[in-house]
Amino acid sequence: MPVTAREWHLAARPHGEPAPEDFRLVEVEHPDPTEGQVLVRMLAMSVDPYMRGRMRLGPSYAAPWEVGEVMQGGAVGRVVASRSPAVPEGALVLTDAAWRDLAVLDAGAVRRLPESDLPVTYSLGILGMPGLTAYAGLFRVAAFREGDAVLVSGAAGAVGSAAGQFARLRGASAVVGSAGSPEKVAWLREIGFTAAFDYHDGRVRDLLAQAAPDGIDVYFDNVGGEHLEAAMAALRVHGRAALCGSISGYNATEPVPGPRGFSALMVSKRLALTGFLVGDHTDLRPEFTETVSGWIRSGDLVVRETVREGLEDAVPAFLDLLRGGNTGKMVVRLAPDPGSA
Ligand code: NAP
Ligand code: FER
């Protein structure tokens with residue numbers, strides 16, 4: 001029987017900060033799945049900073065969303081009808097087909113997830129793309145070593161809160177976090193960051209000098225801009241930075257300037273600043289999943305999520321994410337999980 005799905009379409013490309021008018025919720029009829037297809041009911045969807053990039057035209061590592069079409073993004077769902085033996089009814093799956101409550105998909109476009117006693121939303125956060133980003137960025141890209149002093153910006157977010165805790169769990173000498181509110185700073189101290197500051201409280205360079213007077217060995221950059229410039233000043237000789245994202249510039253309408261004194265600092269301190277994309281590091285997934293699941297189950301890793309309810313709330317959740325309305329991973333719950341068939 002054909003089903004009616006609700007889905008969010010991109011209505012317009014924003015200039016600067018996105019607004020609710022840039023999105024439209026529409027109803028779409030889906031025919032029954034044909035041979036090799038599955039019907040998936042989404043249980044939870046992800047909103048992520050990279051989605052701001054998908055709203056704009058121009059060169060990027062990923063194609064932009066099209067105006068008038070459904071947007072894409074990570075989701076976990078249950079297969080509710082299947083014409084594929086590989087992905088039977090009742091299977092739990094990860095898809096890139098969200099911003100909607102139901103979708104008919106080719107079985108090849110979903111990845112089966114194992115049944116787990118952990119919340120399904122963890123597959124969108126700590127055990128999913130953001131967690132792997134933190135793991136790959138810290139351990140491979142920044143070549144973290146026991147005893148390193150680490151700075152993480154965007155530290156109370158999904159990637160940042162994972163990266164900072166991973167550093168602590170692997171023997172960092174100090175873990176400094178930067179975040180956007182006193183509540184987030186207090187939470188970072190609770191979960192084991194050795195120092196934390198609110199970047200609204202002054203110049204980042206001064207706040208960092210106070211928090212890490214002896215400098216840092218590793219910088220995990222989620223923010224770019226002033227944070228990157230300040231971190232370069234604080235990095236010690238042979239310091240390394242994993243450039244993960246630059247959210248301070250995602251709504252910018254002109255290219256943002258680079259760190260001042262860049263070349264002299266790079267040369268004199270023999271720094272290594274490396275940009276990376278998580279998609280290039282999926283070979284780490286088995287090791288990452290085993291290690292991080294272990295830390296979750298032992299209670300060593302604190303996992304926090306900001307959970308919004310219902311497809312209507314997906315756009316407000318995304319707009320809030322860009323303004324710092326989340327602590328830990330921002331997810332939108334779409335349906336209760338009926339469990340496996
Ligand atoms: P998140 O940190 O959970 O959420 C975004 C956070 O950015 C907000 O909570 C807000 O926290 C902060 N923010 C917003 N505007 C800011 C500004 N002007 N200055 C400083 N902070 C600002 O998001 P996430 O999913 O974990 O992503 C974090 C970063 O990693 C993003 O840059 C993202 O693009 C990047 N990323 C990269 C990869 C990759 O493969 N390279 C993969 C995943 C994510 P405050 O309250 O602290 O401002
Ligand atoms: C992000 C989320 C994911 C991001 C990049 C990615 C720079 C990378 C995706 C990929 O590897 O294809 O926020 O920001």
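Me: Strands, taken here as DSSP runs of at least two residues (E) and numbered from the N terminus, serve as landmarks in this predicted model; in the loop between which strands is the place of aspartate 101?

Reply: The model is predicted, and its strands are counted from the N terminus. Aspartate 101 belongs to the loop that lies between strand 5 (92-95) and strand 6.

Me: Is aspartate 101 buried or exposed?

Reply: A residue is called buried under 20% relative accessible area and exposed over 50%. Aspartate 101 has 17% relative accessibility, so this loop residue counts as buried.

Me: Which backbone nitrogen does the side chain of aspartate 101 reach?

Reply: A polar contact requires N or O atoms within 3.5 Å. The side chain of aspartate 101 makes its approach at 2.9 Å, and the atom it reaches is the backbone nitrogen of arginine 6.

Me: How many of the 10 residues of strand 3 are buried, and how does that bear on its surroundings?

Reply: Strand 3 spans residues 37-46, and it is largely enclosed by the rest of the structure because most of those residues fall in the buried class. The number of buried residues in strand 3 is 9 of the 10.

Me: Over how many bridges does strand 3 pair with strand 4, and which residue in strand 4 stands opposite leucine 39?

Reply: Strand 4 covers residues 75-82, and its pairing with strand 3 is antiparallel, over 7 bridges. Within that pairing, the residue facing leucine 39 is alanine 81.

Me: In which sense do strand 3 and strand 6 pair?

Reply: Strand 6 comprises residues 102-106, and 5 bridges connect it with strand 3. Valine 38 stands opposite leucine 105 of strand 6, and the sense of the pairing is antiparallel.

Me: Which residue in strand 15 is the bridge partner of serine 46, and which one stands opposite alanine 44?

Reply: Strand 3 and strand 15 run antiparallel and are joined by 3 bridges. Serine 46 has valine 331 as its bridge partner in strand 15, while the residue opposite alanine 44 is arginine 333.

Me: In which sense does strand 14 pair with strand 15, and what handedness has the β-α-β unit that they make with helix 9?

Reply: Strand 14 (residues 305-309) pairs with strand 15 in the parallel sense over 5 bridges, and glutamate 309 has arginine 333 as its bridge partner. Strand 15 itself is largely enclosed by the rest of the structure, because 4 of its 5 residues are buried. With helix 9 (residues 314-322) included, the β-α-β unit is right-handed.

Me: How do the residues of the shell around ligand 2 divide into nonpolar, polar and charged?

Reply: Ligand 2 is surrounded by Tyr50, Tyr61, Met129, Cys244, Tyr250, Leu277, Val278 and Gly279. With Tyr and Cys counted as nonpolar and Gly as polar, the shell divides into 7 nonpolar, 1 polar and no charged.

Me: At what distances from ligand 2 are polar backbone atoms of tyrosine 50 and glycine 279, and what share of the accessible area of ligand 2 does the protein cover?

Reply: An oxygen atom of ligand 2 lies 3.4 Å from a polar backbone atom of tyrosine 50, and for glycine 279 the corresponding distance to an oxygen atom of ligand 2 is 2.6 Å. On its own ligand 2 has 370 Å² of accessible area, of which the protein covers 73%.

Me: How many residues of helix 6 are buried?

Reply: Helix 6 (residues 225-234) is mostly covered, and its buried residues include His227, Glu229 and Met232. The count of buried residues in helix 6 is 7 of its 10.

Terms used:
Residues are numbered from 1 along each chain as its sequence is written. Chains are lettered from A and ligands numbered from 1 in the order in which they are written. This is a predicted model: local features need pLDDT of at least 70, side-chain atom pairs count only at pLDDT 80 or more; totals for chains, interfaces and linings use all residues. Side-chain values use heavy atoms; hydrogens and water are left out. Buried means under 20% relative accessible area, exposed over 50%, partly exposed in between (1.4 Å probe, protein chains only). Two strands pair if DSSP finds at least two bridges between them. A crossover is right-handed if, with the strands pointing away from the viewer, the path from the first strand over the helix to the second runs clockwise. A residue is near a molecule or strand if one of its heavy atoms lies within 4 Å of it. A polar contact is a pair of N or O atoms within 3.5 Å; within protein, one must be able to donate a hydrogen and the other to accept it, and residues adjacent in sequence count only if both atoms are side-chain atoms. Accessible areas come from the Shrake-Rupley method with a 1.4 Å probe; for residues, only the protein chains shown count as cover.
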